[in-house]
Structures are given as C-alpha cells and as structure tokens.
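Here's a quick briefing to read with the model open in your viewer. Have the sequence handy too.

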Amino acid sequence: MPVNALYRDDFYLSTCEAVVTAVHEDGGIELDQTCFYATSGGQPGDTGALERADGTKIALGQTKHGPSKDIVIHVPLENEPRPEVGETLVLHVDWQRRYRLMRMHTACHLLSVVCSYPITGAAVGEEESRVDFDMTETIDKDQVTSKLMELVAENHPVYLQWITDEELAANPDIVKSKNVRPPIGLGRVSLVCIGENSSIDSQPCGGTHVSETQEVGQIHIAKIEKKGKENRRFRIRFGTPGDEA
C-alpha cells in the first residue's frame, strides 16, 4: 500500500512511529509511514533498526522501493525477527550514515554548479561519490575543489520547492541529468534549491540534503577520470587531498 514517506519533507527526521502494513515472504516489511530513505537516484537507502514494544530491535540491511515509488520496503538482516501486521514499531535511522550521505549528495549538487555540463551518471557514497559529465574539456581538479569550497564556505541555504509533474514536463531544461529521470508519478516533484531565490542552483531531485552548504564540510576532488571520448568522472571525497575523513 502507498506509504507516507516522511523523509521527503524532513531530511533531518531520524525516528518515528509506524504500523506494519505487510510482511513479505522474503522478510521485507512495509509500514504506513517511514523516515527511512529508499534507494533511488544514485543514493543508497537507509539502514538502522525497527524497535518493538518490548525493546527488541529488528536490524535493517537496506531500504528499497517496491514495484512503484510509493511503496517502501524495509529489508531486515538475515535471521532477524519478523513483526506482525498491525504491530506498532519505532523506527531508528542510522543517523551518522544518513548525515554523511546528505552531505555527500549536497556536494554532488555543488559540483554540478561548478561543472555546468550534462550529467551522465552519479552515485552517492559514505566515503566517496562520483558524478559523470558529458564533457571533453580538460579541467584541473584542484581548481574545481577550490570553487567547491567557496560555495561551501559561503553557506548558502539549501531547501525544497515543489512543482507538479505537469510543470516539470513543461520545463524539461531544468533537468541536468541526461539518463536519470526525476522522481515523477507521485503528482509532485521536489526541486532542490541552493541560494536565496535559487540563485546558485535549482534541479529536480528526490534525495536527502543538508540545509546549508557549510554543513557539507571539507571536500575535494580526488580524481578526474576519462571514461570514453565525451565522458569525465569526478570522484568527490571528504577531507583535504591526502587527508580523507
């Protein structure tokens, strides 16, 4: 059944109560609402635990979508207990991991500002993220790092605006990615905006992000790789060059 995905409106919500609506044969758990982000758009789903009334916990190895984006399945680790349909659980997101992913995902958006080329692929990770651009130019990674850190230090606000699926269809140029489509089909699409009045950037994205750019912290471009004639892969890491966090 459709889930109330609380993370879409509050990226900092790390715990909530929810009722079990389905338990699949493979152990996957559906809930009436969730603060767990489901794998999508290059960002991995949340891990954490579901706490039962007696205090025992069901450890989760991943969170993913079902057949459609309005279904979220919480997948327990092997040999974890199975809850009952109708049972009330308290959800606990692994916040340290989620927050690193939020910082990284926001850094990827900043990179798309510094390198204003079409995006051909991306993957957000806890230690390293990558963004692939459709470009042939040679660019200095230290120069990119410097521009990224300027945007971080300027501490621009990061916030959401919502538009309808129809508004997105009427303005296709706001999509930076060439082959990853924004999350449509739910009636509304979130625009991640950076800067007052979107002065730095605005693009459709269903991932989780920090609320101001300084939260990203120290980041750098570790490597730029040539992946084909017109493709460059940028690898972003925390910390300074030679001192990964």
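Below are some lead points, followed by bullets grouped by topic. Keep in mind that this is a predicted model. A good place to start is an open sheet of 4 strands, in the order β9-β10-β15-β14, with helix α1 (residues 95–114) packed on it. There's also a nonpolar core of 30 residues, the largest one, and apart from it lies another core, of 14 residues.

**The four-stranded sheet**
- Pairing in this open sheet is antiparallel, and the strand order is β9-β10-β15-β14.
- At the edges sit β9 (119–123) and β14, each of which pairs on one side only.
- Neighbouring strands here are turned by 20° against each other on average, direction ignored.
- Inside the sheet, strand β10 (residues 128–133) runs antiparallel to β15, and 6 bridges join the two.
- If you want one pair to click on, Asp 132 has Arg 233 in β15 as its bridge partner.

**Helices on the sheet**
- Helix α1 touches β9, β10, β14 and β15, and its direction makes about 140° with that of β15.
- Helix α2 (residues 141–153) lies across β14 and β15, and it runs at about 145° to β14.

**The nonpolar cores**
- Which residues touch the most other members of the largest nonpolar core? They are Leu 111, Phe 133, Ile 219, Phe 234 and Ile 236.
- At least two residues of this core come from each of α1, β10, α2, β12, β14 and β15.
- The top contributor is α1, which gives 7 residues.
- Leaving out residues up to four places away in sequence, Leu 111 touches Val 131, Phe 133, Val 144, Leu 148, Ile 221, Phe 234 and Ile 236.
- The other core, which lies apart from this one, has 14 residues, among them Ala 18, Leu 31, Cys 35 and Leu 60.
- As background, nonpolar side chains tend to be buried together in soluble globular proteins.

**Strand β12 and its partners**
- Why is strand β12 (residues 188–194) described as largely enclosed by the rest of the structure? Because 6 of its 7 residues are buried.
- On one pairing, β12 goes antiparallel with strand β11 (residues 158–164) over 7 bridges, and Trp 162 stands opposite Ser 190 in β12.
- On another, β12 is joined by 4 bridges to strand β13 (residues 201–204), again running antiparallel.
- In that second pairing, Ile 194 stands opposite Asp 201 in β13.
- β12 and β13 make a hairpin with 6 residues between them, and Gly 195 in the turn has a positive phi of about 95°.

**Two residues to look up**
- Cys 16 sits in strand β2 (residues 15–23). Is it buried or exposed? Its relative accessibility is 11%, which is under the 20% cut-off, so Cys 16 counts as buried.
- Beyond its neighbours within four places in sequence, Cys 16 is in contact with Leu 6, Thr 34, Cys 35, Leu 89, Val 90 and Leu 91.
- One of those partners, Val 90, is 74 residues away from Cys 16 along the chain, yet their C-alpha atoms are separated by 5.7 Å.
- Gly 228 is in the loop between β14 (219–226) and β15 (232–238). With 43% relative accessibility, Gly 228 counts as partly exposed.
- The C-alpha atoms of Gly 228 and Met 135 are separated by 9.9 Å, with the two residues 93 apart along the chain.

Methods:
Residues are numbered from 1 along each chain as its sequence is written. This is a predicted model: local features need pLDDT of at least 70, side-chain atom pairs count only at pLDDT 80 or more; totals for chains, interfaces and linings use all residues. Side-chain values use heavy atoms; hydrogens and water are left out. Buried means under 20% relative accessible area, exposed over 50%, partly exposed in between (1.4 Å probe, protein chains only). Contact means heavy atoms within 4.5 Å. Two strands pair if DSSP finds at least two bridges between them. Axes are lines fitted to C-alpha atoms, for helices over the stretch in contact, and angles run from 0 to 180 degrees between N-to-C directions. A nonpolar core is a set of buried Ala, Val, Leu, Ile, Met, Phe, Trp, Tyr and Cys residues joined through side-chain atoms within 4.5 Å.
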